[in-house]
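User: Hey, can you walk me through this model? I'd like to go over pockets, charge pairs and a few odd residues.

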Amino acid sequence: MQRICVIGGSRYFGKLLVERLQAAGHQVTVLNRGSVRPPTGVENLVADRNDEAAVVAALGSRTFDAVVDQVCYTPVQAAIAARVFAGRTRRYVMTSTIEVYDPATAALPAVPAGIPVPEETVDPATWLVSSDLPWHDEAYLAAHYAEGKRQAEALFSRAARFEFASVRSAHVLGGGAQEFTGRLAHYTERIAQGDEITVHAQALPTVFIHYEELADVLLWAATAADFTGPVNACCDGLLDVRDLAAVVAAQTGCEPVYRTVAAGGSASPFSFDRHYAMSNSRAKQLGFVFSRTTDWLPGAVAETLAASETLAASETLTASETLAASETLAASAVPTA
C-alpha cells in the first residue's frame, strides 16, 4: 500500500484514477476545491491549489509516496506545488498533453511528417520559464494552454525537490457522456444528421488514448515506475480525421459530408494541417503495454451515440412535461359556469 495524493481527480480519467488507486489497495487523498466528493473511503482535502497558504493548511503534516497532479496548467501553479510538496512526497507525476508538441504554438525542432514525435522534442530542462506572464487571466491561459503546460513541466524539472515525471497524454476519447469536451460527439452528431465536417485538404494523422487506459498509465507512473522526465502516452496506430469519421459512419449508417477549409483555417477537432503525432516508444521500453486505437474506438463511438440518444430522450421528456404542465395550468384557469 502506498499513500497517494491526487490533485483534482473529480471527473473523467482523473476520477477513474482515484477509483483504481483505491481498488489497488492504496491510501488515497484527493485535494481539490470540494465541488465533487470522491468515493467513500477516499480522504478529501478542500483548498484552491492557487492559494499556497490554504493548500499548506489543508495538508497539515501529511506526507505521501507519490502525488498525481491532474490540474497543473501554468508555471505559477507548478512553483506553488514545488514549494508545498518539497519534503512531503518522494515522487510527483504531472498530467501533461500532446499539445506541447504543436508546432503552431512554439518554435520547435522539425520532425518529418510520418515520424512519431519523441519526448526530447520538448525538453523541460532547457525550456524557458516566464512566471510573470498573465497566467491568472483565464483568456490568456486558454490561448496559451500548450505553453502553460510546457513551462509547468520546465519549472518542476528544475525547481522540484522530488522525483518528477510528466505523462504527455494523446487526445483522450471514450466514456460517452463523461467525455466532457464533446469532440467525439461533434462527429457522431454531425454525421448522423448529415451536417458538414470541416477538414484540411491534406489532413495529417494524430494519436489517441482511451480514458481508461490513460488512468492506467497514470497509476503505473505513480506507483509502479521510477522514470523521471516526460513520457508520451498514446495507443498504437495513427488515424486522421477521415479515418475517425469512417468509424462513426460504420455505426450510424450515414456517409460523412466533408467541406475543405483553406490552408491555415480552422477545422473540426482532430483535423490537423501540421504534424505532431507522438511516439510511445519510451513508455513501451519502460514496460507499459498499449492497446490499438482501432480496437476500442468503435466502442467509444457506440457509447457517444448512446449518450446522445439518452440526452435527446431526456430533452423530449422534459419538453413534454413542460407542455403538459402548461396545459393543466391553462385548463385550471378556464372559468366555469
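Analyst: Here is a quick tour, taken topic by topic.

User: Ground rules before we start?

Analyst: It's a predicted model, where local features need pLDDT of at least 70, side-chain atom pairs count only at pLDDT 80 or more, and totals for chains, interfaces and linings use all residues. Residues are numbered from 1 along each chain as its sequence is written, and side-chain values use heavy atoms, with hydrogens and water left out.

User: Ok, pockets. How much space lies in the largest pocket?

Analyst: About 1,300 Å³. A pocket here is an open set of points on a 1 Å grid over the protein atoms alone, where a 1.4 Å probe fits, with protein on both sides within 12 Å along at least five of seven lines; lining residues have an atom within 4 Å of a point. Grid points are joined across faces, edges and corners, and the volume is the space filled by probe spheres set on them.

User: Which residues lie nearest its centre?

Analyst: Arg11, Gln70, Val71, Tyr73 and Phe180, out of 41 lining residues. The elements giving two or more residues to that lining are H1, E2, E5, helix H4 (138-143), helix H5 (145-159) and E7. Helices (H or I, at least four residues) and strands (E, at least two) are DSSP runs, numbered from the N terminus.

User: And what is the lining made of, by class?

Analyst: It has 14 nonpolar, 18 polar and nine charged residues. Ala, Val, Leu, Ile, Met, Phe, Trp, Tyr, Cys and Pro count as nonpolar, Asp, Glu, Lys and Arg as charged, and the others, Gly among them, as polar.

User: What about the second largest pocket, which residues sit nearest its centre?

Analyst: Ser268, Phe270, Ser271, Phe272 and Arg274, from a lining of 16 residues. About 220 Å³ of space lies in that second largest pocket, and its lining has five nonpolar, seven polar and four charged residues.

User: Phe270 caught my eye. Where is it found?

Analyst: In the loop between E11 and H9. Phi of Phe270 is near 75°, a positive value in a residue other than glycine. Phe270 is also buried, at a relative accessible area of 4%; buried means under 20%, exposed over 50%, and partly exposed in between (1.4 Å probe, protein chains only).

User: Arg274 was in that list too. Which residue does Arg274 meet in a salt bridge?

Analyst: Asp102, at 2.5 Å, N to O. The pair links distant parts of the chain, with Asp102 in the loop between E5 and H4 and Arg274 in the loop between strand E11 (257-261) and helix H9 (281-286), 172 residues apart. Asp102 is buried at 4%, whereas Arg274 counts as partly exposed at 26%.

User: How many salt bridges does the count come to?

Analyst: 13, taking a side-chain nitrogen of Lys or Arg within 4 Å of a carboxyl oxygen of Asp or Glu as a salt bridge. One of them joins Asp69 and Arg49 at 2.6 Å, N to O. Asp69 lies in strand E4 and Arg49 in the loop between strand E3 (43-46) and helix H2 (52-59), so the pair ties together parts 20 residues apart in sequence. Both Asp69 and Arg49 are buried.

User: Got another, or a network?

Analyst: Glu163 and Arg91 meet at 3.1 Å, N to O; that pair connects strand E6 (residues 163-169) with strand E5, 72 residues apart. Glu163 is partly exposed at 29%, and Arg91 is buried at 0%. For a network, Arg20, Glu212 and Asp216 are linked by salt bridges.

User: Switching to H1. Does its length add up, I mean, what span should it have?

Analyst: The 12 residues of helix H1 (residues 12-23) should span 16 Å, and the end C-alpha atoms are 17 Å apart, which agrees. The expected span is 1.5 Å times one less than the number of residues.

User: Which of the H1 residues are buried?

Analyst: Tyr12, Phe13, Gly14, Leu16, Leu17, Val18 and Leu21. They pack against strands E1 (3-7), E2 (27-32), E4 (64-69), E5 (89-97) and E7 (171-173), plus helix H7 (211-223), where contact means heavy atoms within 4.5 Å.

User: What's the phi of Tyr12?

Analyst: A positive value of about 50°, although Tyr12 is not a glycine. Just after H1, Gly25 takes a positive phi of about 95°.
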